[in-house]
Amino acid sequence: MKANVHFFSQKKSIDKRVDLETLGQRGRQANEFSELGFPILPGLIIDTVVASKLEKEDVATALKPPMKQVQEIVGKVFGNSEEPLLLKIVISPNLTISNYPTLHNFGLVRNTVEGFNKNVGENFGAHEVAFLARGMLKIEERIAELEKREKDLSKIRERIIHANNTLETSKQGTKSEELIAAYEDLLPPGFFDDAWKQLEISLKRIARLLTLDEQDDEDTAILIQPMVYGNYGKNSCSGAFFTRNIVNGEKELQGEFFEERFDEIGASGNDINKIGAVHLKELKQIAATLEDHHKEIRQIRFTIEKNKLWLIEQRQVMVKSTQADLKLNLDLYNRSIVNDVFVINSIQPARLNEILHPIVDMASVKKLTGTDGGITGAPGAAIGRVYFSTEALLDAYKNAQLKGEDKRFILCMPSTFAEDVKAIELATGVLSCEGGYSAHASVVARQYGKVSLVKPEMKIRGKKASIASLTISEGDYITLNVPYYGEPKVWLGKASLIEPDPAESGLFEFIKIIKKNMKHFHVRANADNARDASLALSFGAEGIGLCRTEHMFFNEKRINVFREMILADKLESREKALSMLEVMLVDDFYKLLKIMAGKEVTIRFLDAPFHEFMPHNDAEFDGFMAYLGSGKKGSAAPSKADVKARIAALAEFNPMLGHRGCRIAVSYPEIYAMQARAVFTAAYKLQAEKVDIKPEIMIPIVMNAAELKLIIYGKKIEGKTYKGIIDIEEDIRKALKAKAIPYRVGSMIELPAAALVAGEIAKYSEFFSFGTNDLTQTTLGISRDDFNTFMPDYSLFDLVEGNPFSNLVTPVKELVAMATRRGRMTRPSLQVGLCGEHGANPDNVRFCMEAELDYVSCSPYSVPIACLAVAQAELEKAK
């Protein structure tokens, strides 16, 4: 047996020739501490070869030589009556999960309890006797169960309950001797008579259990170590800490120590950084070594007994922030302990949401009333006063500005439309009840880095909303917590937020490492303004993959001009309004192209149907009428009735499949002509400034090649000339006497028909961009704004592959892959991308790479997530 008992200490680890699998999991952990040279409690391991065969062994003879070494290091003697050494026994299988009881305080027998109590107190001593007895009674209970000794079981369980009560109450005045008498009749004879006899009896009973337990299968070792106590007189304490701050990732110990206490139960602790200087230096060194060794944040438990530090255990930390993990990884990376591959693969892409958005300080919501559930539209946390319309929120915002009040607001509406974008931009979050991940509110919120939650059960009546037991009135503060993982929550009242700081979190440094490993695929951003473009660039975007020009028209200084253009009954009036808009768009495109110098900027021409731009309430209508009546010379403003009639004439039964996108360009070529002039005017202005620009014009909702050919090349028919984009560019270039700039014209592929005839479309299209939100709708025949009404039923019966507006489904993938192949058969140089929030999903990114697309494009706040997914996929492929 002696060959199967292995001693270890801070200075002596187990022989390298010993098979580590024979040490059990806890034994391996202890030996790992030993190999690192940490102040570990010395001990010994009875390996798996003999641990279940001890019943016939002379255990004491085999253990006394290594135990002598243990005693010399700890400075106590096992069985000594004055200052006894006590032991813990750990049943250590190789499995991670073990249901064996905790076994402490072996060596507490009749002649040692008094000496032990002198150092820890009578009450604590009695507590430890009860703990010892309960542990061994649980061993006896398991043996009796396996041996089917029903008569003994009830008595044993009765005493276990007694021990539990003693441990829970810790009654003053309880005597150790009384407890010994209470338990010894159900424990093996002589258990409390002698320390060595107690140890031998216990180990043999454990071996008996291992023999009976079919789960053991000779795969369990036994670890024996001394007990040390943080309440063992003066200069003693216990404590636990993390190797760094688990919230912000700062390299400072985080935890507490408890002076003259065995553990933290019922005690008030002190900041670990206020422990004595000598021990603090030692703990910091241990923390640094552990992080370098495990390459992760660890938690450490320790005890200081009579000013001597002992490490008790160290383990993985399950609850920690993404920022903490990232800062550790960057620390390791900057010291060349890990490489690019490790840093990139150590963070799952979706976890970056936590760094990009605020999170709720959970300590601040303990007294708030809340309700769970809902659909995550855009992750993060938001606080603000609730308003139930865009107008009300904008008015409240202006008043708050004037009075210097809190400018945080939540927009709460059944659903949002294009004219609500200005409120979403100012709000901290959006709470809606219609749609889901791909609803307008969710898409716009993600674009602007706002929070969006969809609560289908919410009812809005006037200026009140009800969600379960919560009633929210206009002006009330609410807190939204919308995690990427886990269940969203709404609280009534103000919580505290932990705001993100990309620079402080290490995100920018992380992005640099990611970008080094993106060689064959890139990520662009959906951005319509200078702010979003700059933000996207800082987050790693390689250009703009989708500039939604309709968003530019919703600016409050432009919307009424655009409405006037739409409702104009004469070409002359329409072109007059367009000329005013053209000046504004030139400035917009100039800024976007300049910010993205050297990178492609894909500008999608007007896509939204006209009805989206019309006033949707009385206040907006009155504002539009006031605009129409102002500054009119020589002509009367149209009447309300006339304007309402014109608006009504624009109504369509199914506008999303109606007069929109390139169909508007066919009917009103002057609109796309104005946008083309604005793009090329801005581009040639930047060329004159020697700025490298790469404009791309994208035509939406194309269903066949003829549409695209008309818009690009134009057409002459009897009595009418349709001027194409190529002609418009040439006119501007000649007028400026400039050298031709490189530009591309391409099409969005968002209809199954377009995917099927992609080879024909590629004759005229220099790039494809898959608009997968519309492609999913038109492929499946499902409205993204309405599918949540029946999708839970489909999910119940597994009729769909998850949320089709988050995860690309098989039919859509097949169309994307097929259209890409067919397009490149016609035009081998065809550049292909995917725009929309599908592009931020790591699974979709992998598909796009496999289908040989060139890029995905997503909202600025999703760019780092998509970049990380790309880098991980490229590293995996290279491996």
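**Note on the predicted model**

1. S238 has its place in strand β8. The model is a predicted one, and in it S238 is buried, its relative accessible area being 4%; the cut-off for that class is under 20%. Apart from neighbours within four places in sequence, S238 is in contact with G230, E256, F257, F258, R261, F262, D263, F302 and T303. R784, by contrast, lies 546 residues away from S238 in sequence and 57 Å away in space, taken from C-alpha to C-alpha.

2. The overall dimensions may be set beside that distance. Along the principal axes, the C-alpha atoms of the protein fill a box of roughly 115 × 55 × 55 Å. The secondary structure comprises 33 helices and 35 strands. Of the 879 residues, 55% count as buried. Where contacts join residues at least 6 apart in sequence, 71% of them are between residues at least 24 apart.

3. As to the surface, the protein exposes about 38,000 Å², and carbon and sulfur atoms supply 50% of this area. The side chains include 112 positive and 119 negative ones, with the centres of the two sets 4 Å apart.

4. The nonpolar interior deserves separate comment. In soluble globular proteins, nonpolar side chains tend to be buried together. Here the largest nonpolar core has 142 residues, among which F613 and I699 touch the most other members. Helix α24 (residues 669-688) contributes the largest share of this core, with 12 residues. A second, separate core holds 65 residues, including L108, L137, W196 and A207.

5. Which residues does F613 touch, not counting those up to four places away in sequence? They are E550, F553, F554, I559, F562, R563, I566, L606 and A608. This list includes the charged residues E550 and R563.

6. The structure holds 58 salt bridges. One of these pairs E291 with R244, with the closest N and O atoms 3.0 Å apart. E291 belongs to helix α8 (residues 277-294), while R244 is in the loop between β8 (237-242) and β9 (254-259), so the pair ties together parts that are 47 residues apart in sequence. Both E291 and R244 are buried.

7. A second bridge joins D607 to R660, the closest N and O atoms being 2.8 Å apart. D607 is in the loop between β28 (600-604) and α21 (618-629), and R660 is in the loop between α22 (640-649) and α23 (662-667); the pair therefore ties together parts that are 53 residues apart in sequence. D607 and R660 are both buried.

8. The third pair to note is E876 and R846, whose side chains meet in a salt bridge at 3.2 Å, N to O. This pair links distant parts of the chain, with E876 in helix α33 (residues 863-878) and R846 in helix α32 (residues 842-850), 30 residues apart. Are these two partners buried or exposed? E876 counts as exposed, because its relative accessibility is 52% and the class begins over 50%. R846, at 26% relative accessibility, counts as partly exposed.

9. Salt bridges may also share partners. In this way R244, K251, E291, D292, D331 and R335 are joined into one network. The pair of E291 and R244, described above with its 3.0 Å separation of closest N and O atoms, is thus part of that network.

10. Helix α14 (residues 440-448) calls for attention because nine of its nine residues are buried, so the helix is largely enclosed by the rest of the structure. The residues concerned are H440, A441, S442, V443, V444, A445, R446, Q447 and Y448. Just after α14, G449 takes a positive phi of about 70°.

11. Two residues that are not glycine merit a check of their backbone angles. K737 has a positive phi of about 55°; its place is in the loop between α26 (725-736) and β32 (744-749). With 79% relative accessibility, K737 counts as exposed. D798 likewise has a positive phi of about 55° although it is not a glycine, and it is found in the loop between α30 (791-796) and α31 (810-826). D798 is exposed, with a relative accessible area of 67%.

Note on methods: Residues are numbered from 1 along each chain as its sequence is written. This is a predicted model: local features need pLDDT of at least 70, side-chain atom pairs count only at pLDDT 80 or more; totals for chains, interfaces and linings use all residues. Side-chain values use heavy atoms; hydrogens and water are left out. A nonpolar core is a set of buried Ala, Val, Leu, Ile, Met, Phe, Trp, Tyr and Cys residues joined through side-chain atoms within 4.5 Å. Buried means under 20% relative accessible area, exposed over 50%, partly exposed in between (1.4 Å probe, protein chains only). Helices (H or I, at least four residues) and strands (E, at least two) are DSSP runs, numbered from the N terminus. Contact means heavy atoms within 4.5 Å. Accessible areas come from the Shrake-Rupley method with a 1.4 Å probe; for residues, only the protein chains shown count as cover. Lys and Arg count as positive and Asp and Glu as negative; His and the chain ends are not counted. The place of a charge is taken as NZ of Lys, CZ of Arg, CG of Asp or CD of Glu. A salt bridge is a side-chain nitrogen of Lys or Arg within 4 Å of a carboxyl oxygen of Asp or Glu.
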